[in-house]
Amino acid sequence: MNHQTKPMQHPMMGIAFHMMRVVMSVKRYFRNIDEETGLSVLKSGDVVVDFGCGPGFNTIPAAQKVGSQGKVYALDVHPKAIAIIEREKRKHRLHNIETLVSDCGIPLEDQTVDIVYLHNTLPLITHKKEVLREIRRVLKVHGRLSYMSRKGSRMARDATMNDQGVREYLETELHFQLVQENKGQFIFDRKQ
């Protein structure tokens, strides 16, 4: 099932998306995706949002870890990313992934999500604070936000909100607490 909200953020041009996908595919070999998804302590039955899922580097492993009792919402503004996820979920025979075409909005009920991945996406987003507020809205109390912003994503677009700015905004305005940091990946807990 696909959901769509009114766009505030427009998808990048097709050629730019394909170039980004190639670069991400190469960089994938230098990342430890299992470590990245494992840091957020996924467990069977969890509900996950992969915000800005791209080609699904986190989506597929997360869906495998949460199992048939869990659910992964793969959200991206670009229809080509969603098409890739749809192919990957068929290839891996995963029935617990739902794709969402959206930008800043997450078309889910309040406090229904255990974990949100926001990996290498925030610099590409114009309305950063709106996205962070939306993530807080859907996370359960003590739900976790896994955030990272690698150098390549920061160079690609607007880096006006750096890692320290994200941390300060999450802690002071949105009542998150940093619980772990590992190699530029931050795990935040929604306190209230």
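Thr-99 sits in strand E3 of this predicted model. With a relative accessibility of 0%, Thr-99 falls under the 20% cut-off and therefore counts as buried. Its side chain is not without a partner, though: a polar contact of 2.6 Å links the side chain of Thr-99 to that of Glu-86. Glu-86 belongs to helix H4, where it is one of the buried residues, along with Ala-81, Ile-82, Ile-84, Ile-85 and Lys-89. So what does H4 itself look like, and how far apart are its end C-alpha atoms? The helix covers residues 79-91, and at 1.5 Å a residue its 13 residues should span 18 Å; the end C-alpha atoms are indeed 18 Å apart, so the two values agree. Just past the end of H4 comes Arg-93, with a positive phi of about 55°.

Stepping back to the whole protein chain, there are seven helices and seven strands. Going along the sequence, they follow the pattern α-α-β-α-β-α-β-β-α-β-α-α-β-β. Of the 192 residues in the chain, 49% are buried. The surface that the chain does expose comes to about 9700 Å², and carbon and sulfur atoms supply 53% of that area. Contacts also reach well along the sequence: taking those between residues at least 6 apart, 77% join residues that are at least 24 apart.

The strands come together in one open sheet. Its seven members line up in the order E3-E2-E1-E4-E5-E7-E6, with mixed pairing. Strand E3 (97-101), the home of Thr-99, is one of the two edge strands, the other being strand E6 (176-182); each of these pairs on one side only. On average, neighbouring strands of the sheet are turned by 20° against each other, ignoring direction.

Two of the pairings show how the sheet comes to be mixed. Strand E1 (residues 47-51) and strand E4 (residues 113-119) run in the parallel sense, paired over three bridges. Here Val-48 stands opposite Ile-115 in E4. E6 and E7, by contrast, run antiparallel and are joined by six bridges. Gln-177 is one of the residues involved, and its bridge partner in E7 is Asp-189.

E6 and E7 also make a hairpin, with two residues between them. Lys-183 lies in this loop between E6 and E7. Is Lys-183 buried or exposed? Its relative accessible area is 60%, so Lys-183 counts as exposed. Its backbone stands out as well. Most residues other than glycine have a negative phi. Lys-183, although not a glycine, has a positive phi of about 55°. His-142 is another non-glycine residue with a positive phi, near 70°, and its place is in strand E5.

Helices pack against the sheet too. Helix H3 (residues 59-66) lies across E1, strand E2 (71-76), E3 and E4, and runs at about 165° to E2. Helix H7 (residues 163-173) touches strand E5 (139-148), E6 and strand E7 (185-190), with a direction that makes about 145° with that of E6. Returning to H3, how many of its residues are buried? Six of the eight are, so the helix is largely enclosed by the rest of the structure. Those buried residues are Thr-59, Ile-60, Pro-61, Ala-62, Ala-63 and Val-66. Right after H3, Gly-67 takes a positive phi of about 70°.

The loop leading from E1 to H3 is worth a look as well. Gly-52 is found there. Its relative accessible area is 21%, so Gly-52 is classed as partly exposed. Which residues does Gly-52 contact, leaving aside neighbours within four places in sequence? These are Leu-75, Asp-76 and Thr-121. Two of them, Leu-75 and Asp-76, fall within the residue range of strand E2 (71-76). Gly-52 and Ile-125 are 73 residues apart in sequence, while their C-alpha atoms lie 9.5 Å apart in space.

How values were computed: Residues are numbered from 1 along each chain as its sequence is written. This is a predicted model: local features need pLDDT of at least 70, side-chain atom pairs count only at pLDDT 80 or more; totals for chains, interfaces and linings use all residues. Side-chain values use heavy atoms; hydrogens and water are left out. Two strands pair if DSSP finds at least two bridges between them. Helices (H or I, at least four residues) and strands (E, at least two) are DSSP runs, numbered from the N terminus. Axes are lines fitted to C-alpha atoms, for helices over the stretch in contact, and angles run from 0 to 180 degrees between N-to-C directions. Contact means heavy atoms within 4.5 Å. Buried means under 20% relative accessible area, exposed over 50%, partly exposed in between (1.4 Å probe, protein chains only). A polar contact is a pair of N or O atoms within 3.5 Å; within protein, one must be able to donate a hydrogen and the other to accept it, and residues adjacent in sequence count only if both atoms are side-chain atoms. Accessible areas come from the Shrake-Rupley method with a 1.4 Å probe; for residues, only the protein chains shown count as cover. The expected span of a helix is 1.5 Å times one less than its number of residues.
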